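Trainee: Could we walk through this structure together, one step at a time?
Mentor: Gladly! Have a look at it, and then ask away.

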Amino acid sequence: QVQLVESGGGLVQAGGSLRLSCAASGSIFSINGMGWYRQGPGKQRELVATITRDGSTVYADSVKGRFTISRDRAKNTVYLQMNSLKPEDTAVYCCRALVSTGSSEYLYWGQGTQVTVSS
């Protein structure tokens, strides 16, 4: 089993910054990709940013230039630096990881962390 634990959410004013962290632990042979997704009030879950094993990144258009995803492979941790936050960024942010056990790959999700941006 693998556990993903997010931290760093909270309440911030528009224009402010937050840094989210997601640490993976458990039966991990390797992590092939990690990412952040969010679900705002009354909205469907959407991709925010992903990062592959080799460091390639993908961002949603709505966060390009404001958010930066990074990872520490030694710590099995992914980060999301969020700058210039807007009220529409308010959502529950969830971490996702594609984990290899050596013979199989499994997708895991964290429990989520609330980000609230006030205007």
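**Charges, strands and core**

Mentor: Let's start with one side chain: E46 has a relative accessibility of 34%, so this residue counts as partly exposed. Keep in mind that we are looking at a predicted model.

Trainee: Which side chain does E46 meet in a salt bridge?
Mentor: Side chains of opposite charge can pair when their charged atoms come close. For E46, the N to O distance in the salt bridge is 2.7 Å. The partner has a relative accessible area of 6%, so this partner is buried. The residue you are looking for is R38.

Trainee: Which residues are linked with R38 and E46 in a network of salt bridges?
Mentor: Look for another salt bridge, one with 2.8 Å from N to O. One of its residues lies in the loop between β6 (57–59) and β7, the other in the loop between β8 and β9, so the pair ties together parts that are 23 residues apart in sequence. Both residues are buried. They are R66 and D89.

Trainee: Is D61 buried or exposed?
Mentor: D61 also takes part in a salt bridge, with K64, at 3.1 Å from N to O. The cut-off for exposed is over 50% relative accessible area. D61 has 65%, so the word for this residue is exposed.

Trainee: How many salt bridges does the count come to?
Mentor: We have met R38 with E46, K64 with D61, and D89 with R66. Those are among the salt bridges counted, and the count comes to 4.

Trainee: Which cysteine is joined to C22 by a disulfide?
Mentor: A disulfide is a covalent bond between the sulfur atoms of two cysteines. Here the S to S distance is 2.1 Å, within the 2.5 Å cut-off. C22 lies in strand β3 and its partner in strand β9, so the pair ties together parts that are 73 residues apart in sequence. The partner is C95.

Trainee: Why is C94 too far for a bond?
Mentor: C94 is buried, at 13% relative accessibility. The closest cysteine sulfur to its own is in C95. A disulfide needs sulfur atoms within 2.5 Å, so C94 is too far for a bond, at a distance of 8.7 Å.

Trainee: Is the disulfide of C22 and C95 left-handed or right-handed?
Mentor: Both cysteines are buried, but the handedness comes from the torsion about the S-S bond. That torsion is about -80 degrees, so the disulfide is left-handed.

Trainee: Which are the edge strands of the open sheet of 4 strands?
Mentor: The strands follow the order β1-β3-β8-β7, with antiparallel pairing. β1 is joined to β3 by 6 bridges, and 6 bridges also join β7 to β8. An edge strand of this sheet pairs on one side only, and the two that do so are β1 and β7.

Trainee: Which residues make up the covered face of β1?
Mentor: This strand has two faces, and Q3, V5 and S7 belong to the uncovered one. The other face includes V2, whose bridge partner in β3 is G26. The covered face is V2, L4 and E6.

Trainee: Which strand supplies the largest share of the largest nonpolar core?
Mentor: In soluble globular proteins, nonpolar side chains tend to be buried together. This core has 29 residues, and W36, L80, M82 and Y93 touch the most other members. Strands that each supply at least two residues include β4 (30–39), β8 (77–82) and β9 (91–100). The largest share is 5 residues, and the strand it comes from is β9.

Methods
Residues numbered from 1 in each chain as written. Predicted model: local features only at pLDDT ≥ 70, side-chain atom pairs only at ≥ 80, totals over all residues. Heavy atoms only, no water. Core = buried A, V, L, I, M, F, W, Y, C linked by side-chain atoms within 4.5 Å. Buried < 20%, exposed > 50% of the residue type's maximum accessible area, 1.4 Å probe, protein only. Pairing = 2+ DSSP bridges.
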